[in-house]
Amino acid sequence: KEKIEESLINLNNTAIKKTNKLDNCDLAPKKLIDFDTGVQADLMFYVDDSRNQQGLTYALDHFYVGFDVGSNQGDIVKYTKSGVKVDSTGNIGIGHAAGLGFRESNGRIYVANGGGSNPTHVYEVDFNNKRVTRDINLEKYGTSALLAIDNDNDRLILHTSPGGDNGEIIFNI
């Protein structure tokens, strides 16, 4: 515990390097430390939005946060590394927005609609033009959809459950 506290003191006395070329912000100005385990995390910023936050992806030096706004609509908001809101898609038909992933090969964000009773759909989103460009119907794989993008192999990794939120989890690539 003394070593962790000493490290914390050393961190607080160390100048934070500005490395974000987009907004020249101080990255991770605060440290979160669990003294029982020694686990340390950087606090980048608080999302200043009271809506139902769901998915998250990081691409091109920005964070993209998905919000479920109801009525099968979602909103994706783009933030700098210091939490400055840059842009938003506004409400678009992406469902629950439970999972977001960025595909480098085409510059699009992919969104899984999530939810234990929602048949699986993955939406391809052109963030810059604020629209869904493709609805990939994957209902045959169940519900509770989440996703990841494997950019090394240009693949979609899909997490679903044929039995809802409490059912067996399956992965498809």
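These are my notes on the salt bridges and nonpolar cores of this structure.

**Entry 1: the model**
I am working with a predicted model.

**Entry 2: salt bridges**
I looked up the salt bridges and found a count of eight. I took three pairs in turn.

I began with Arg51 and Asp75, whose side chains meet in a salt bridge at 2.9 Å, N to O. Where do Arg51 and Asp75 lie? Arg51 is in the loop between β2 (39-43) and β3 (52-59), and Asp75 is in strand β5 (residues 73-79). The two are 24 residues apart in sequence, so the pair ties together separate parts of the chain. I then checked accessibility. Arg51 is partly exposed at 29%. Asp75 is buried, with a relative accessible area of 4%.

Next I looked at Lys81 and Asp61. Their closest N and O atoms are 3.1 Å apart, and they form a salt bridge. This pair also links distant parts of the chain, 20 residues apart. Lys81 sits in the loop between β5 and β6 (85-88). Asp61 sits in the loop between β3 and β4 (62-70). Is Lys81 buried or exposed? I noted 13% relative accessible area for Lys81, which is under 20%, so Lys81 counts as buried. Asp61 is partly exposed at 31%.

My third pair was Asp126 and Arg108, a salt bridge with its closest N and O atoms 3.9 Å apart. It joins two strands: Asp126 belongs to β9 (residues 121-126) and Arg108 to β8 (residues 108-112). They are 18 residues apart. Asp126 is buried at 10%, while Arg108 is partly exposed at 22%.

I also looked for shared partners. Asp49, Arg51 and Asp75 are joined into one network by salt bridges that share partners.

**Entry 3: nonpolar cores**
I turned to the nonpolar side chains. In soluble globular proteins, such side chains tend to be buried together.

The largest nonpolar core here has 13 residues. Which of them touch the most other members? I listed Tyr64, Ile76, Ile94, Leu100, Ile109, Val111 and Val125. Strands β7 (99-103), β8 and β9 each supply at least two residues of this core.

I followed Val125 further, leaving aside its neighbours within four places in sequence. Its contacts include Ile76, Ile92, Ile94, Ile109, Val111 and Val132. Thr89, Arg131 and Thr133 are also among them. So is Arg108, the salt-bridge partner of Asp126.

Last, I noted a second, separate core of nine residues. Among its members are Tyr110, Ala112, Ala145 and Leu158.

Methods. Residues are numbered from 1 along each chain as its sequence is written. This is a predicted model: local features need pLDDT of at least 70, side-chain atom pairs count only at pLDDT 80 or more; totals for chains, interfaces and linings use all residues. Side-chain values use heavy atoms; hydrogens and water are left out. A salt bridge is a side-chain nitrogen of Lys or Arg within 4 Å of a carboxyl oxygen of Asp or Glu. Helices (H or I, at least four residues) and strands (E, at least two) are DSSP runs, numbered from the N terminus. Buried means under 20% relative accessible area, exposed over 50%, partly exposed in between (1.4 Å probe, protein chains only). A nonpolar core is a set of buried Ala, Val, Leu, Ile, Met, Phe, Trp, Tyr and Cys residues joined through side-chain atoms within 4.5 Å. Contact means heavy atoms within 4.5 Å.
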